[in-house]
Amino acid sequence: LEVTGAPILSEDQKWKGTVLVFHDITELKQLEQMRKDFVANVSHELKTPITSIRGFSETLLDGAMKDEAMLEQFLHIILKESGRLQSLIQDLLELSKLEREDFYLNIEQVEIQRLLHDLLPIVQQHADKKGVNLRTKIDGETIIQGDSSRLKQVFMNLLTNAINYTWSEGDVTLNFKEKDEDIVISIADNGVGIPEEEISRIFERFYRVDKARSRNSGGTGLGLAIVKHIVEAHHGKVDVESVVNEGTTFHVSIPKKFTKT
Ligand code: ADP
């Protein structure tokens with residue numbers, strides 16, 4: 001609590017009383033702490049790949065590049081780590097756009113099943129690489145009002161996670177249905193699952209249940225924060241059901257009609 005005071009004086013400068021202003025700064029302090037944590041997280045996330053890129057380049061220049069096998073192996077690492085930097089910067093830019101006060105969606109008529117179908121080739125490639133079976137049930141022709149490129153990103157992020165957090169031979173299922181005024185898209189996997197006490201935290205920026213697993217799969221730790229922002233901007237919601245070692249289902253509900261606020 002912050003208190004500031006000032007005297008009230010009469011016209012002939014005599015003291016008449018004092019005004020006290022009580023200012024609750026708890027929320028401000030919390031915001032300030034969150035901002036500091038975020039900057040610390042970003043710095044750390046950027047530092048890790050850069051350290052690795054520098055280290056491997058130096059080792060190559062110090063003579064390791066004469067060994068062809070080593071040269072190739074190290075170049076692959078450098079490429080992977082620079083790719084990680086690129087995804088991180090892309091996600092950070094996207095998140096900062098979504099968090100701006102004057103951010104708005106580009107609302108248009110979206111053929112939602114077609115949008116989902118359009119994502120499948122890339123998702124299928126990723127699933128094949130990991131040996132995961134992708135099943136889809138997205139029949140019908142439903143038109144909703146929404147921002148199609150941002151909605152694509154929502155489903156892309158959720159499908160990528162479902163594949164990443166599932167063992168090979170596992171199943172990832174994409175389902176579409178209509179429920180009253182909403183559409184509901186569910187993405188289910190039978191992978192590692194999320195402990196119940198952590199479910200409420202996974203939408204926070206950089207929160208990860210298993211850091212090593214997320215990094216290995218190329219995750220930035222920002223995917224779900226982006227998903228939440230986009231879905232909420234559409235006045236929708238995301239529900240999560242999960243059982244550790246059995247799997248996770250994300251349900252995204254979005255109103256078919258967009259209402260301006
Ligand atoms: P990341 O880039 O780490 O995947 P996200 O914001 O997309 O970041 O997800 C945050 C965390 O939530 C992940 O690190 C992971 O621990 C957990 N998570 C997300 N999706 C799933 C899923 N389908 N199954 C299990 N855990 C998940």
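In this predicted model, the largest pocket has a volume of about 1200 Å³. Its lining is made up of 46 residues, and those closest to the centre of the pocket are Asn157, Thr160, Asn161, Asn164 and Gly219. Several elements give two or more residues to this lining, namely the helices α2 (68-98), α3 (112-130), α4, α5 (211-216) and α6, together with the strands β7 (182-189) and β9. Among these elements α4 gives the most, with 11 residues of the lining of the largest pocket. Sorted by class, the lining of the largest pocket holds 18 nonpolar residues, 19 polar residues and nine charged residues.

The largest pocket is also the place to look for the ligand, for the space that the ligand takes is this pocket. Around the ligand stands a shell of 21 residues, of which Asn161, Tyr165, Ser214, Gly221 and Leu224 are the closest. At least two residues of that shell come from each of α4 (148-164), α6 (223-233) and β9 (247-255). The shell around the ligand divides into 10 nonpolar, eight polar and three charged residues.

Three contacts with oxygen atoms of the ligand can be followed one at a time. In the side chain of Asn161, an N or O atom is 2.8 Å from an oxygen atom of the ligand, and Asn161 is also listed among the residues closest to the centre of the largest pocket. Val209 takes part through its backbone, where an N or O atom lies 2.9 Å from an oxygen atom of the ligand. For Ser214, a polar atom of the side chain lies 2.5 Å from an oxygen atom of the ligand. Taken alone, the ligand exposes 530 Å², and the protein buries 97% of that area.

Apart from the space taken by the ligand, a further pocket can be traced. The second largest pocket has a volume of about 280 Å³, and the residues that line it include Leu98, Phe103, Tyr104, Leu105 and Ile107, as well as His229, Glu232, Ala233 and His235. Phe258, Lys260 and Thr261 are also part of the lining of the second largest pocket. Here α6 gives the most, with three residues, and α6 is also one of the elements that give two or more residues to the lining of the largest pocket. By class, the lining of the second largest pocket comprises seven nonpolar, three polar and two charged residues.

Terms used:
Residues are numbered from 1 along each chain as its sequence is written. This is a predicted model: local features need pLDDT of at least 70, side-chain atom pairs count only at pLDDT 80 or more; totals for chains, interfaces and linings use all residues. Side-chain values use heavy atoms; hydrogens and water are left out. A residue is near a molecule or strand if one of its heavy atoms lies within 4 Å of it. A polar contact is a pair of N or O atoms within 3.5 Å; within protein, one must be able to donate a hydrogen and the other to accept it, and residues adjacent in sequence count only if both atoms are side-chain atoms. Accessible areas come from the Shrake-Rupley method with a 1.4 Å probe; for residues, only the protein chains shown count as cover. On a 1 Å grid over the protein atoms alone, a cavity is a set of points where a 1.4 Å probe fits but cannot get out, and a pocket is an open set with protein on both sides within 12 Å along at least five of seven lines; lining residues have an atom within 4 Å of a point. A molecule sits in a cavity or pocket if more than half of its atoms lie within 2 Å of its grid points. Helices (H or I, at least four residues) and strands (E, at least two) are DSSP runs, numbered from the N terminus. Ala, Val, Leu, Ile, Met, Phe, Trp, Tyr, Cys and Pro count as nonpolar, Asp, Glu, Lys and Arg as charged, and the others, Gly among them, as polar. Grid points are joined across faces, edges and corners, and a volume is the space filled by probe spheres set on the points.
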